[in-house]
Amino acid sequence: MSGSLRRWCDAWGTGFVSLCLGGVALPVFAQSAPEPFSPRFGDAYEARVTRVPDGDTLWVKPTAGGRYRKLRIDGVDAPEICQEGGVAARDALSRRLLEQTVTVTERRRDDYGRALARLAHRGEDIGAWLVGDGWAWSYRWRHSEGPFAAEERRARAAQKGIFSNPSPEEPRYFRRRNGPCPMPGRAQAD
């Protein structure tokens with residue numbers, strides 16, 4: 001092998017296996033690139049919570065790698081951030097989950113492109129906790145009281161969180177009257 005060909009093979013050896021036969025250098029990938037992390041709906045995965053912009057939305061970083069993912073907690077509707085109780089709901093969720101590892105099971109995407117997901121932290125369903133502590137409503141659909149109706153009844157009876165107000169306004173009615181809220185500064189880890 002000539003000196004220039006040897007130098008070329010040595011230079012390209014990083015990340016490649018140089019196969020030099022008959023005076024010809026053929027770069028060959030040493031290993032194929034790993035598949036990007038892309039969970040399917042219904043598959044559970046572990047992730048670290050990195051940001052909590054409001055009471056029912058958060059950002060996670062999958063522990064298996066890949067991109068940050070914006071999630072909305074399935075089955076709940078927390079007050080809008082500019083609505084009474086919105087900042088308190090966000091802060092409660094942030095205190096509970098920021099920088100914590102959660103188990104995520106994505107169900108589908110909402111109209112805003114967020115994955116609707118069930119979350120568990122240390123075996124506890126976060127949607128049930130959020131509603132049960134009075135920081136969100138059980139998400140109503142048509143004539144259904146939603147998946148956390150029992151938790152909401154208990155939170156209302158105990159006047160917890162947003163239910164300490166005798167007639168808190170559901171976020172869906174607040175949004176109809178006021179439109180979307182501008183997003184304030186975000187709660188995130190240092």
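**Exercise 1. Place A44 in the fold and determine its exposure.**

*Step 1.* Residue A44 belongs to strand β3; helices (H or I, at least four residues) and strands (E, at least two) are DSSP runs, numbered from the N terminus. The model is predicted, so that local features need pLDDT of at least 70, side-chain atom pairs count only at pLDDT 80 or more, and totals for chains, interfaces and linings use all residues. Residues are numbered from 1 along each chain as its sequence is written, and side-chain values use heavy atoms, with hydrogens and water left out.

*Step 2.* The relative accessible area of A44 is 54%, so this residue is exposed (buried means under 20% relative accessible area, exposed over 50%, partly exposed in between, with a 1.4 Å probe and protein chains only).

*Step 3.* From A44 to A117 the C-alpha to C-alpha distance is 9.7 Å, with the two residues 73 apart in sequence.

**Exercise 2. Describe how β7 pairs with β3 and with β8.**

*Step 1.* Strands β3 and β7 run antiparallel and are joined by five bridges (two strands pair if DSSP finds at least two bridges between them). Within this pairing, R48 has T101 of β7 as its bridge partner.

*Step 2.* The antiparallel strands β7 and β8 are joined by six bridges. Here T103 stands opposite A120 in β8.

*Step 3.* A hairpin is formed by β7 and β8, with five residues between them. In its turn, G113 has a positive phi of about 85 degrees.

**Exercise 3. Locate R122 and Q159, and state what is notable about the phi of each.**

*Step 1.* Most residues other than glycine have a negative phi, and most peptide bonds are trans.

*Step 2.* R122 is not a glycine, yet has a positive phi of about 55 degrees. This residue is found in the loop between β8 and β9 (124–125), and R122 counts as exposed at 74% relative accessibility.

*Step 3.* Q159, also not a glycine, has a positive phi of about 50 degrees. The loop between α4 and α5 holds Q159, which is exposed with a relative accessible area of 54%.

**Exercise 4. Find the aromatic pair and describe its geometry and surroundings.**

*Step 1.* One aromatic pair is found in a search of the whole structure (rings of Phe, Tyr and Trp, the last by its six-membered ring, pair if their centres lie within 6.5 Å; planes under 30 degrees apart count as stacked, over 60 as edge-to-face and the rest as tilted).

*Step 2.* The pair consists of W137 and F163, and is edge-to-face, at 5.7 Å centre to centre with 80 degrees between the planes.

*Step 3.* W137 lies in strand β10 and F163 in the loop between α4 (149–157) and α5, so the pair ties together parts that are 26 residues apart in sequence.

*Step 4.* W137 is buried, at 2% relative accessibility, and F163 is buried, with a relative accessible area of 3%.

**Exercise 5. Identify the charged ends that sit over aromatic rings.**

*Step 1.* The criterion is that NZ of Lys or CZ of Arg is within 6 Å of the ring centre and within 35 degrees of the ring normal.

*Step 2.* K61 lies over the face of Y68, 5.0 Å from the ring centre. The charged end of R96 sits over the ring of W129, at 4.7 Å from its centre.

**Exercise 6. Characterise the largest pocket and the second largest pocket.**

*Step 1.* A pocket is defined on a 1 Å grid over the protein atoms alone, with a 1.4 Å probe, as an open set of points with protein on both sides within 12 Å along at least five of seven lines; lining residues have an atom within 4 Å of a point. Grid points are joined across faces, edges and corners, and a volume is the space filled by probe spheres set on the points.

*Step 2.* The volume of the largest pocket is about 1,100 Å³. Its lining comprises 40 residues, of which R72, D110, Y112, R114 and R175 are the closest to its centre.

*Step 3.* α5 gives the most to this lining, with four residues. By class, the lining of the largest pocket has 15 nonpolar, six polar and 19 charged residues (Ala, Val, Leu, Ile, Met, Phe, Trp, Tyr, Cys and Pro count as nonpolar, Asp, Glu, Lys and Arg as charged, and the others, Gly among them, as polar).

*Step 4.* The second largest pocket holds about 160 Å³ of space. Its lining includes W135, W137 and F174, and divides into five nonpolar, five polar and two charged residues.
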